[in-house]
Amino acid sequence: MEKTVAYSESHDQALVGDKTIAFWLMDKEMYTHMSVTSSNSSIINRGIALHNLITLITHALGGEAYLNFIGNEFGHPEWLDFPRAGNGDSYHYARRQWNLVDDDLLKYKFMNNWDRAVNTLEEKYGWLHAHPAYISWKHEDDKVIVFDRADLIFVFNFHTEKSFPDYTIGVKNPGTYKILLCSDSKDFGGEERVDTSVPHFTKPESYSAYSNRMMIYIPCRTAIIYGRGTV
């Protein structure tokens with residue numbers, strides 16, 4: 001099978017005339033509500049949450065490599081435009097604003113933290129060079145997707161408002177599972193609704209495509225990665 005390089009956005013989307021995913025999600029709110037001291041913005045909260053989900057599902061499900069364009073990992077707010085006749089040979093947008101992610105008072109750090117955590121976890125478990133993922137569950141009404149790759153379980157809840165306590169998923173390998181990464185953690189701009197220290201236990205009861213099942217809590221607009229191990 002031919003290997004695939006996956007990306008949620010490329011350089012084309014960062015060039016003038018288009019918008020990055022972060023800018024599509026949050027638009028002008030990024031100019032006024034990206035400070036941690038600014039008033040709460042549902043648009044920014046939603047945008048950061050979905051940005052994290054979009055990058056992870058592309059990273060883990062897309063192929064054997066993941067491509068990122070400079071600055072998009074932390075949700076760079078503006079386009080890139082090189083000097084040309086159409087902009088009066090201006091250098092104004094021929095830049096990446098690295099100061100945004102380095103400023104601890106700005107929320108760009110949350111998306112950057114997520115990007116770092118995802119890549120660090122991939123280095124440890126190696127899902128990019130593992131066999132392709134197997135999607136064991138997808139539910140249109142719940143907006144939930146579950147898949148396995150590299151002996152990890154990836155769970156996504158894209159629902160705008162529904163959180164699911166005691167949500168049942170099928171599990172291939174029985175045992176005790178712990179949360180390795182949760183996008184709802186405060187470090188990633190989340191609401192800290194998930195206790196990541198709680199172990200999860202499988203039951204030998206068939207569900208979905210597997211002979212074991214496990215019950216989890218999955219808040220809206222959240223992605224969680226589970227790994228098997230001892231507690």
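This report walks through a predicted model of a protein chain, from its overall build down to a handful of individual residues.

**Overall build**

Five helices and ten strands make up the secondary structure of the protein chain. Its radius of gyration comes to 19 Å, and the globule rule gives 17 Å for 231 residues; those values are close, so the chain is as compact as a globular protein of that length. If you lay the C-alpha trace along its principal axes, you get a span of about 65 × 45 × 30 Å.

How much of the chain is buried? Of its 231 residues, 47% count as such. As for contacts with a separation of 6 or more, 64% of them come from residues 24 or more positions apart. The exposed area of the protein chain is about 11,900 Å², with carbon and sulfur atoms supplying 52% of it. On the charge side, there are 23 positive and 30 negative charges, and the mean positions of the two sets sit 4 Å apart.

**The cysteines**

A disulfide is a covalent bond between the sulfur atoms of two cysteines. How many disulfides does this model have? The count is zero. Take Cys 182: the closest cysteine sulfur belongs to Cys 220 and is 12 Å away, which is too far for a bond. Seen from the other end, Cys 220 is in no disulfide either, with the sulfur of Cys 182 as its nearest cysteine sulfur at 12 Å. Cys 182 counts as buried because its relative accessibility is 2%, under the 20% cut-off. Cys 220 counts as buried too, at 12%.

**Two aspartates with positive phi**

Most residues other than glycine have a negative phi. Against that background, two aspartates are worth a look. Asp 151 has a phi near 65 degrees, a positive value in a residue that isn't glycine. You'll find Asp 151 in the loop between strand S4 (144-149) and strand S5 (152-157). Asp 166 also has a positive phi, of about 55 degrees, although it is not a glycine. Where does Asp 166 lie? It is part of strand S6, which covers residues 164-171.

Are these two side chains buried or exposed? Asp 151 is exposed, with a relative accessible area of 61%. Asp 166 is exposed as well, at 54%.

**A helix residue and three loop residues**

Thr 55 has its place in helix H3 (residues 42-61). With a relative accessible area of 15%, Thr 55 falls under the 20% cut-off and is therefore buried. Leaving out residues up to four places away in sequence, Thr 55 touches Ser 8, Tyr 66 and Trp 114.

Gly 126 belongs to the loop between helix H5 (108-125) and strand S3 (134-139). Despite the loop setting, Gly 126 counts as buried, at 4% relative accessibility. Which residues does Gly 126 touch, apart from those up to four places away in sequence? They are Leu 121 and Ala 150.

Gly 189 sits in the loop between strand S7 (176-182) and S8. Its relative accessible area is 27%, so Gly 189 lies between the 20% and 50% cut-offs and is partly exposed.

Glu 205 is in the next loop on our list, the one between strand S8 (200-201) and strand S9 (212-218). Glu 205 is partly exposed, with a relative accessible area of 36%. Setting aside neighbours within four places in sequence, Glu 205 is in contact with Ser 211, Asn 212 and Arg 213.

**Sequence versus space**

For each of these four residues there is a C-alpha distance to a partner elsewhere in the chain, handy if you want to check the fold by eye:

| Residue pair | Separation in sequence | C-alpha to C-alpha distance |
|---|---|---|
| Thr 55 and Ile 21 | 34 residues | 9.8 Å |
| Gly 126 and Phe 147 | 21 residues | 15 Å |
| Gly 189 and Glu 78 | 111 residues | 20 Å |
| Glu 205 and Gly 170 | 35 residues | 8.9 Å |

Note on methods: Residues numbered from 1 in each chain as written. Predicted model: local features only at pLDDT ≥ 70, side-chain atom pairs only at ≥ 80, totals over all residues. Heavy atoms only, no water. Helix = DSSP H or I, 4+ residues; strand = E, 2+ residues; numbered from the N terminus. Rg over C-alpha atoms; globule rule 2.2 N^0.38 Å. Buried < 20%, exposed > 50% of the residue type's maximum accessible area, 1.4 Å probe, protein only. Contact = heavy atoms within 4.5 Å. Areas by Shrake-Rupley, 256 points an atom, 1.4 Å probe, with all protein chains shown as cover. Lys, Arg positive; Asp, Glu negative; His and termini not counted. Charge placed at Lys NZ, Arg CZ, Asp CG, Glu CD. Disulfide = S-S within 2.5 Å.
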